[in-house]
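Here are a few exercises to work through with the model open in your viewer. Try each one before reading the solution.

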Amino acid sequence: MIKAKKIAGVFLTAMLSMTLLAGCGNKEVTLENDGDKPVVTVGDESATYWEANFQTRILQMQYESMYGSDIWEQEVESGKNFEQSIKELILEGLKSNQAALNHVKDYNVTLTDDEKQEIEEQVDSFMENLSDEFEELTKPDKEKVENYLMESKTIQKLSEAVAEEAKLEVSDADARQMKANYVMISVDEDASNAELTKAKQKATKLYNSAKKTKSLASSAKSLDLEVKEATYGNNNEQIPSEIVEASMALKKGEITKPIKTDYGYYVIQCMKYLDKDATESAKASMLQTKQQTYFNETCEKWLEDSKVKVDDTLWNSIKLAGHSTLPTTESTTSSDEATSEATTSSEGTTTTSETTTSTEGTTEKPAK
């Protein structure tokens with residue numbers, strides 16, 4: 001089973017070149033005939049069939065590049081495959097974006113000439129680097145792509161204005177990153193009590209030695225154990241909580257007693273109580289996450305107060321399974337570069353999905 005990740009930000013996509021059958025009757029849906037029709041309408045703003053498909057296809061190419069074109073029919077949960085799950089999340093994002101666009105004038109958000117010029121250059125690069133296969137499937141229109149990126153940039157600037165008005169902050173204490181040396185005595189998931197006891201004894205021996213030498217590294221070397229270095233803080237949710245709680249309480253030079261986790265025993269020495277560069281990086285990342293979360297919550301409130309309409313026939317006509325965007329080997333690089341260019345231009349836009357806690361500034365986290 002594949003666990004779907006929630007979508008962070010507005011996803012750039014490209015339009016279909018093929019005819020797709022609508023969900024009912026024999027009516028055909030085409031971009032030529034239906035591209036300008038609204039798929040999602042929130043208040044006074046609408047996302048057209050072209051725009052909705054444009055978002056979906058770029059995201060599809062990103063997933064297929066990582067997991068292959070067979071991903072869409074794989075089960076995510078009972079009665080739901082990956083395609084259905086992803087499309088639900090895209091639809092949430094489309095609704096939130098339209099809700100946001102209704103409030104652009106409230107914050108006097110406009111694009112500068114330099115921003116418009118930058119987008120025009122990004123579109124040129126995007127159009128030039130498309131693979132033959134991707135272009136045949138999507139046939140993107142330069143003017144529409146440009147307008148879409150302008151809209152995405154506008155939403156990004158709106159999110160910044162909303163967050164600035166809220167005056168959000170991240171304290172130095174919350175962002176603090178420490179630098180540590182650590183040794184892990186690993187055990188298998190199904191380890192016996194005897195094996196667990198042996199691992200604990202080894203970790204305890206290391207700890208007792210390090211307390212005398214005041215150096216985890218030198219004691220580990222004498223016991224033929226590997227020492228690793230990591231920089232992390234309370235914001236790093238990928239590190240076992242037992243490690244974070246014990247090690248973040250250390251002062252410089254202090255060493256933890258053996259810490260038991262699901263992966264084995266850890267002994268950790270604080271090498272630097274405050275890593276300033278890593279802390280500044282983490283603080284900026286945490287603030288960005290906090291601001292994005294606040295903007296997402298604001299969009300949800302706007303959405304609740306708005307009239308929402310979805311054209312299910314048009315939306316359901318966008319199919320992923322059986323309509324692969326994967327290019328040939330020869331054109332993979334240019335296609336990936338084009339996708340990267342387009343995706344970068346829309347970073348920071350809204351989505352209803354959760355924001356993943358950032359771990360920027362980490363040189364290496366304790367291994368699981």
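The exercises below deal with helices in this predicted model.

**Exercise 1.** Work out how the span of helix H8 fits its number of residues, and what comes after the helix.

*Solution.* Start with the limits: H8 runs over residues 193–213, which gives 21 residues. Next, take the expected rise of 1.5 Å a residue, which leads to 30 Å. The span from the first C-alpha to the last is 30 Å, so close to what's expected. Then step past the end, where you'll find Lys214 with a positive phi, near 60°.

**Exercise 2.** Find the buried residues of H8, say how they are arranged around the axis, and name what they pack against.

*Solution.* First, pick out residues under 20% relative accessible area. In H8 that leaves Ala199, Ala203, Leu206, Tyr207 and Ala210. Now look down the axis of H8: these buried residues fall within an arc of 100°, so they line one face of the helix. Their packing partners are strand E7 (177–186), strand E10 (264–272) and helix H9 (216–222). Finally, flip to the face turned away from the buried side, and you get the exposed residues Asn193, Ala194, Lys198, Gln201, Lys205 and Lys212.

**Exercise 3.** Decide whether Asn208 counts as buried, partly exposed or exposed, and find how far Asn208 is from Ser219.

*Solution.* Asn208 sits in helix H8. Buried means under 20% and exposed means over 50%; at 41% relative accessibility, Asn208 therefore counts as partly exposed. As for Ser219, Asn208 is 11 residues from it in sequence, and their C-alpha atoms are 9.1 Å apart in space.

**Exercise 4.** Describe how helix H3 packs against helix H11, then do likewise for H3 and helix H6.

*Solution.* Two packed helices are described by the angle between their axes and the distance between the axes.

Take H3 (residues 82–101) and H11 (residues 276–304): the angle is about 85° and the axes are 9 Å apart. Angles of 65 to 115 degrees count as roughly perpendicular, so H3 is roughly perpendicular to H11. Lys95, Ser96, Ala99 and Ala100 of H3 make the contact with Phe295, Cys299, Trp302 and Leu303 of H11. Sorted by class, that's 6 nonpolar, 1 polar and 1 charged.

Now for H6 (residues 142–166): H3 packs with it at about 70°, with axes 10 Å apart. That again makes H3 roughly perpendicular to H6. Here Asn97, Gln98, Ala100 and Leu101 of H3 meet Glu151, Ile155 and Leu158 of H6. The residues of this contact divide into 4 nonpolar, 2 polar and 1 charged.

Definitions and conventions. Residues are numbered from 1 along each chain as its sequence is written. This is a predicted model: local features need pLDDT of at least 70, side-chain atom pairs count only at pLDDT 80 or more; totals for chains, interfaces and linings use all residues. Side-chain values use heavy atoms; hydrogens and water are left out. Helices (H or I, at least four residues) and strands (E, at least two) are DSSP runs, numbered from the N terminus. Buried means under 20% relative accessible area, exposed over 50%, partly exposed in between (1.4 Å probe, protein chains only). The arc is that of the directions from the helix axis to the C-beta atoms. Contact means heavy atoms within 4.5 Å. Axes are lines fitted to C-alpha atoms, for helices over the stretch in contact, and angles run from 0 to 180 degrees between N-to-C directions. Angles under 35 degrees count as roughly parallel, over 145 as roughly antiparallel, 65 to 115 as roughly perpendicular and the rest as oblique. Ala, Val, Leu, Ile, Met, Phe, Trp, Tyr, Cys and Pro count as nonpolar, Asp, Glu, Lys and Arg as charged, and the others, Gly among them, as polar.
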